[in-house]
Amino acid sequence: MARSLADDDSIPNGWRTRQPGRGFHIITEIGFTQSLSLEPGKLGDRWVTIGPAPASAYCDDFTSDTIKPETVGGTWYPKLPSKQSLLEEQGLVVLSFHSGSLLWLTGRPEDSEPTATLLNNKLGDNTRSFWLQYRLAGGSNPTPYPGAMQDAITAYIYLTKEMGISPSRIVLAGDSTGSTIAVALLRYLTSIKEVQDHELAEFPPPKACLLFSPSVEYCFEGDPEAVGANRNINTDYVEAPMMAWGARAIAPPETVRLDDPYISPALHPFATPVPIFIQAGGAEVLCDSVRGFANAMSAVPGNLVEHFEVPDVPHDVYVAGTVLGWPKEQEEIHEAAARFVLQ
């Protein structure tokens, strides 16, 4: 039976004497997490910081007595657009949530620029993307659920209210753990339609939602025995301890259940007017949970879902295809996603 609560013992505690042979293995072994900065560094005006929206924007499951919305930042690709250019060009704008198990990565160029550039190019002229640096559950300021989800609302309100972009031009995108945030935002935008006077309630829905190797069933990811017994454990680079650590980070067992609808949407399908593209690799550990999520969402009347499974490839080739030796498949994934959006 899948876990309903994360395991406290999944948090790494120093070097455990083994000699790690792979990058993710060593990261997990030493318990490395990433701390964030709101400074632009070399990005100049491509980097923007965003203050929290009014408190009323964060309601229901995204409110917390201990975790409050904070100022966050993000990177524009290829550059910060002016409001006038956004109005004149009428291109698509991608709101993207990076991977990293809520422990690593930032959406800045060092980890995201090749992916942002490739997707922008496939989606056509005048496409821009904004990669949110959401708060992480590790590092110097550990912020579990619903912190990253609050940040997604902050970013969405920034694009729609401050930058004046119609949601009908916004494409939500997420890979791996970033997909958890994208789906949570999608569910939230549906739920607030019934909330009187919510500032997003009268907006049209986003144009589409793109999910790549999505983390959509933390009841599975938080269970090291289930992950270790998965049929694809030997053909993927992700490991059971790393996945359990990520599940524990986003869902501390004293406050969050792994089967929460916003954590494990594969167990809680919902209706949405937003078309959803769901990609997975046939050789990745998440393949079956992604397929189950796609089937569950497809079964909801009115939903439009495309499930795109790429044979033989591991986790998150959407981002890491070139690095892992799957550049052709990486391009095919981006092309399939763009076709879905532009159809």
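This is a short tutorial dialogue on reading features of a predicted model.

Q: Where does the annotated domain lie, and how much of that span is helix and strand?
A: An annotation is taken from a record and then set beside the coordinates. According to the unreviewed UniProt entry, the annotation "domain: Alpha/beta hydrolase fold-3" covers residues 95-318. In the model, that span is 36% helix and 14% strand, and its end C-alpha atoms lie 16 Å apart.

Q: How many residues does helix α11 have, and what span should they give at 1.5 Å a residue?
A: The expected span is 1.5 Å times one less than the number of residues. Helix α11, residues 327-342, has 16 residues and should therefore span 22 Å, and the 23 Å between its end C-alpha atoms agrees with this. Helix α5, residues 177-191, can be read likewise: its 15 residues reach 21 Å from first C-alpha to last, close to the expected 21 Å.

Q: Which residues of α11 are buried, and what covers them?
A: An α-helix has 3.6 residues a turn, so residues three or four places apart point the same way. In α11 the buried residues include Glu329, Gln330, Ile333, His334, Ala337 and Val341, and among the elements that cover the buried residues of this helix are α3 (109-123), the strands β5 (170-175) and β6 (208-212), and α10 (317-324). Helix α5, for its part, is mostly covered, with 13 of its 15 residues buried.

Q: Is asparagine 120 buried or exposed, and what is it in contact with?
A: The reading goes from relative accessibility to a class, with buried meaning under 20%. Asparagine 120, which is placed in helix α3, has a relative accessibility of 7% and therefore counts as buried. Leaving aside neighbours within four places in sequence, asparagine 120 is in contact with Tyr77, Pro78, Val94, Thr127, Arg128 and Ser129.

Q: What is the relative accessible area of isoleucine 11, and where does this residue lie?
A: Isoleucine 11 lies in the segment before α1 (23-30), and its relative accessible area of 40% makes it partly exposed, because that class lies between the 20% and 50% cut-offs. The C-alpha atoms of isoleucine 11 and arginine 248 are separated by 7.3 Å, although the two residues are 237 residues apart along the chain.

Q: What is the volume of the second largest pocket, and which residues line it?
A: A pocket can be described by its volume and then by its lining. The second largest pocket has a volume of about 190 Å³. Of the 16 residues that line this pocket, Leu36, Glu70, Arg135, Leu136 and Asn141 are the closest to its centre. The lining divides into 4 nonpolar, 10 polar and 2 charged residues.

How values were computed:
Residues are numbered from 1 along each chain as its sequence is written. This is a predicted model: local features need pLDDT of at least 70, side-chain atom pairs count only at pLDDT 80 or more; totals for chains, interfaces and linings use all residues. Side-chain values use heavy atoms; hydrogens and water are left out. Helices (H or I, at least four residues) and strands (E, at least two) are DSSP runs, numbered from the N terminus. Buried means under 20% relative accessible area, exposed over 50%, partly exposed in between (1.4 Å probe, protein chains only). On a 1 Å grid over the protein atoms alone, a cavity is a set of points where a 1.4 Å probe fits but cannot get out, and a pocket is an open set with protein on both sides within 12 Å along at least five of seven lines; lining residues have an atom within 4 Å of a point. Grid points are joined across faces, edges and corners, and a volume is the space filled by probe spheres set on the points. Ala, Val, Leu, Ile, Met, Phe, Trp, Tyr, Cys and Pro count as nonpolar, Asp, Glu, Lys and Arg as charged, and the others, Gly among them, as polar. Contact means heavy atoms within 4.5 Å. UniProt positions are given in the numbering used here, feature names are shortened, and annotations may be inferred rather than shown by experiment.
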